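Visitor: I would like a close look at one part of this protein, the place where the ligand sits. Please take the surroundings step by step.

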Amino acid sequence: MTASRKRYENKIVLVTGGATGIGKITSAAFAREGASVVFTDLSAEHGPAFEAQLREQGWQARFVQSDVTDPAQSEGLIADIAQRHGRLDVAVNNAGGILAPDELGTGVHDTLEEGWNKNIALNLSGVFLGMKYQIRQMLKQGGGAIVNTGSIAGLIVDVDFTSLSYSTAKAGMIHMSKWAAVMYAKNHIRVNVVAPAAVATEATKAFLSDEMKSFLAGQSPMQRMSEPEEIANATLWLCSDEAYGVTGVTLPVDGGIAAK
Ligand SMILES: NC(=O)c1ccc[n+]([C@@H]2O[C@H](COP(=O)([O-])OP(=O)(O)OC[C@H]3O[C@@H](n4cnc5c(N)ncnc54)[C@H](O)[C@@H]3O)[C@@H](O)[C@H]2O)c1
């Protein structure tokens with residue numbers, strides 16, 4: 001009997017914001033499945049050690065420090081991947097997050113412009129800049145798959161928990177992803193979104209109070225927060241050939257919150 005082929009053997013995969021949290025678990029999952037993974041992060045704090053950890057397992061991984069909100073860095077990153085690897089099969093635009101609450105506000109009347117602009121820059125424009133250069137490369141090579149990490153905050157309105165600017169950025173990102181899915185379907189480029197609710201990442205486990213953790217778990221019909229592996233599993237499936245007919249969808253991985 002021959003050993004089963006790994007799903008991502010000979011594939012070049014990019015994961016942004018891949019040094020911690022959901023992106024870290026997703027990068028490891030692609031590497032385990034045989035991909036050559038390029039993972040980026042704004043900070044160089046965790047990337048080199050994680051790269052070494054992946055390589056020790058015999059997996060292929062490379063860390064690049066890069067800011068998704070910087071147009072020149074976004075363009076340079078894809079040029080570098082094209083030069084070194086010749087192609088980009090999969091891109092996961094995962095970098096993002098909620099900024100500190102004091103920069104935000106939850107209403108239109110009290111949201112500060114600075115917080116609004118930062119959230120839109122990271123969670124909406126960052127994905128636009130990523131896809132712009134990823135899609136240019138994928139058009140040249142004749143196809144590819146993109147998954148953007150959204151949030152159920154971009155699907156439902158929860159004024160008590162999240163912020164106006166984060167929710168609006170994620171909602172805009174979902175619409176932009178559908179736009180790209182429709183526009184580039186004929187070019188064999190698929191674009192989908194995974195939409196987590198609260199995820200038990202290393203950071204949320206370390207920094208959230210027990211009260212907040214049980215509040216978040218209680219929001220879910222499953223009565224728990226999601227594990228980062230669940231988001232990675234959904235992303236790997238959406239990017240794989242098994243999902244060849246799936247484009248323009250937003251897949252909630254949220255324990256049923258979006259269905260309520
Ligand atoms: N954790 C959750 O509960 C949750 C829920 C819903 C959606 N999400 C989404 O999942 C994604 C990952 O979140 P996470 O919880 O793993 O967060 P995280 O903070 O643990 O990881 C995000 C990573 O992105 C990096 N990053 C931030 N700004 C960047 C920039 N400008 N350029 C490049 N990298 C940058 C950070 O340094 C960090 O390593 C985000 O898009 C977030 O909005 C998270």
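Visitor: How many residues surround the ligand, and which are the closest?

Guide: This is a predicted model, in which local features need pLDDT of at least 70 and side-chain atom pairs count only at pLDDT 80 or more, whereas totals for chains, interfaces and linings use all residues. Residues are numbered from 1 along each chain as its sequence is written, and side-chain values use heavy atoms, with hydrogens and water left out.

The ligand is surrounded by 25 residues, and the closest are Thr20, Ile22, Asp41, Tyr166 and Val199; a residue is near a molecule if one of its heavy atoms lies within 4 Å of it. Three polar pairings with ligand oxygen atoms can be described here, a polar contact being a pair of N or O atoms within 3.5 Å. Tyrosine 166 has a side-chain N or O atom 2.7 Å from an oxygen atom of the ligand, and for lysine 170 a polar side-chain atom is 3.0 Å from a ligand oxygen. With asparagine 94, by contrast, a backbone N or O atom lies 2.8 Å from an oxygen atom of the ligand.

Tyr166 and Lys170 both belong to helix α5 and are among the residues that meet α4, where contact means heavy atoms within 4.5 Å and helices are DSSP runs (H or I, at least four residues) numbered from the N terminus. On the α4 side, the residues in this contact include Trp116, Asn119, Phe128 and Met131, and the contact as a whole divides into 15 nonpolar, seven polar and one charged. The axes of α4 and α5 (residues 164-184) come within 8 Å and cross at roughly 15°, the axes being lines fitted to C-alpha atoms over the stretch in contact, with angles from 0 to 180 degrees between N-to-C directions. The two helices are therefore roughly parallel to each other, since angles under 35 degrees count as such, while those that are neither under 35, over 145 nor 65 to 115 count as oblique.

Ile22, another of the closest residues, lies in helix α1 and takes part in its contact with α8, together with Ile25, Thr26, Ala29 and Phe30 of α1. The axes of α1 (residues 21-32) and α8 (residues 228-239) come within 9 Å and cross at roughly 50°, which makes α1 oblique to α8. The residues of this contact divide into nine nonpolar, two polar and one charged.

Key:
A polar contact is a pair of N or O atoms within 3.5 Å; within protein, one must be able to donate a hydrogen and the other to accept it, and residues adjacent in sequence count only if both atoms are side-chain atoms. Ala, Val, Leu, Ile, Met, Phe, Trp, Tyr, Cys and Pro count as nonpolar, Asp, Glu, Lys and Arg as charged, and the others, Gly among them, as polar.
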